[in-house]
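Welcome to a short guided tour. Open the structure in your viewer and keep the selection tool ready.

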Amino acid sequence: MHILYIEDDDGLLYLLSRTLEGAGFKVTGAPDGEQGLRMLREQDFDVVLVDQEMPRMTGIEVISQMKDLERQPPIIMVTGAGNEEVAVQAMRMGASDYLVKDTSLVYLNILPAVIRQVVHERELIEAHQATERQLQLERERSRLLSEFIKDASHEFRTPLTIIKTSLHLLAGLCTQPKQTQYLDQIQEQSDSIGRLVSQLLTIARLDNATEVNARPVSLKNLIHRVIDSKHSVIEAHSTQIDLDLPIEDVVIPGDEDMLSDAFTQLLDNAVRYSGQDAHIQIELRRTNRIAVIGITDHGIGIAEEHRGHIFERFFRVDDAHSTPGFGLGLPIAARVIELHQGEISLESAPGKGTSVTVIVPTYGDS
């Protein structure tokens, strides 16, 4: 660690240098403030020790001019006895600490510990500032992405509306099976794009949300409604839903629409990746002030190398995209659960199925 000591007293410079070098520091001396500032502009130092009483430029003046430096290391003001007011002024101007010279030179013995402390504090401050900058960049990136998603999604809606209207009109004019087949394909793909637009808008809305408009939500009722909403998909796959719900209701504070969306995504994934004639178990239980919801399928499962990415946006285990979906369902569910101060986890094995567990806080004991 390289220390710059700005001190016009050669004797004190010698004593301090010997003490600090014995503690493992490298010390460079400057006889006055002007030379000290010049050295600071030419090379880097980890800490600056500056004496107050010097000719031509006082320690306070040195500290004032150090504010113009591109990089300002931590400063420790060294003052004589009775100059405590000067030391306080130095702290207000940006010094990290101060020491008062004493005739018995005890301050030299504690100086290494003071230097290490101010360096440690500076490192903590710089680490915090770096984290804040990173968070600010991430917030700005998220804001720009959300705006783009919203703008792009709205731009998609107009042509989609025209396509669907045109399909409806053309359907009445088709007389050949081949024509009907082509129209059905166009309808299917336009519906797929519509679902993508809807999910993108949901992601954008969730990204901008910081809290939920909490109201009492019955999880038993919510689960039944979600199953009813996916009735056509469940029936098309001949899927059996096995429910394990408690006799007493489990009520949580939350946004019912958000939670419904989250569990719809989870159930939809379970049905689509389970194949035909599958069984899916949905379990609800309450432990103390925690509600636990489990959705288990016996479908294709997820390989270990993919499980760490499963909540990433647009991530698809199915690289061939033979299964419908955009890789947004689980990220949407995870964000909703996060906004409800909950947790979501997943266990899976290839060929054995997947189990998703959601934990959310309930109201107090009822």
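The stops below go through a helix, two cores, a cavity and a pocket.

This is a predicted model, so treat what you see as a computed picture.

**Stop 1: a helix to begin with**

Select α6, residues 177-208. How far apart are the end C-alpha atoms of α6? They are 47 Å apart. At 1.5 Å a residue, the 32 residues of α6 should span 46 Å, so the two values agree.

Now colour the buried residues of α6, among them Leu 183, Ser 190, Val 197, Ile 203 and Asp 207. Show the surroundings too: what covers these buried residues includes α5, α9 and α11.

**Stop 2: the largest nonpolar core**

Next, select Leu 219, Leu 259, Phe 263, Leu 266, Leu 267, Ile 282 and Val 358. These residues touch the most other members of the largest nonpolar core, which has 45 residues. Helices and strands both feed this core: α6, α7, α9 and α11 each give two or more residues, and so do β9, β10, β11 and β12. Which element gives the most? That is α9, with eight residues.

Zoom in on Leu 259. Leaving aside residues up to four places away in sequence, Leu 259 touches Val 217, Leu 222, Ile 252, Gly 254, Val 336, Ile 337 and His 340.

**Stop 3: a second core**

Move on to Leu 40, Val 62, Leu 69 and Met 77. They are included in a separate core of 22 residues.

**Stop 4: an enclosed space**

How many cavities of 30 Å³ or more are there? The count comes to one. The largest cavity has a volume of about 70 Å³. To find it, select its lining: Leu 222, Ile 223, Val 226, Ile 227, Phe 263, Leu 267, Ile 282, Ile 293 and Ile 295. Two or more of the lining residues come from each of α7, α9 and β10, and α7 supplies the largest share, four residues. The lining has nine nonpolar residues, with no polar and no charged ones.

Phe 263, Leu 267 and Ile 282 may look familiar: they line this cavity and were also in your selection at the largest nonpolar core.

**Stop 5: an open pocket**

Finish at the second largest pocket, which holds about 320 Å³ of space. Select Glu 138, Asp 207, Arg 313, Arg 335 and Glu 338, which lie nearest its centre among 13 lining residues. Both α5 (106-171) and α11 (329-339) supply at least two residues of this lining. What is the lining made of? It divides into five nonpolar, two polar and six charged residues.

Note on methods. Residues are numbered from 1 along each chain as its sequence is written. This is a predicted model: local features need pLDDT of at least 70, side-chain atom pairs count only at pLDDT 80 or more; totals for chains, interfaces and linings use all residues. Side-chain values use heavy atoms; hydrogens and water are left out. On a 1 Å grid over the protein atoms alone, a cavity is a set of points where a 1.4 Å probe fits but cannot get out, and a pocket is an open set with protein on both sides within 12 Å along at least five of seven lines; lining residues have an atom within 4 Å of a point. Grid points are joined across faces, edges and corners, and a volume is the space filled by probe spheres set on the points. Ala, Val, Leu, Ile, Met, Phe, Trp, Tyr, Cys and Pro count as nonpolar, Asp, Glu, Lys and Arg as charged, and the others, Gly among them, as polar. A nonpolar core is a set of buried Ala, Val, Leu, Ile, Met, Phe, Trp, Tyr and Cys residues joined through side-chain atoms within 4.5 Å. Buried means under 20% relative accessible area, exposed over 50%, partly exposed in between (1.4 Å probe, protein chains only). Contact means heavy atoms within 4.5 Å. The expected span of a helix is 1.5 Å times one less than its number of residues.
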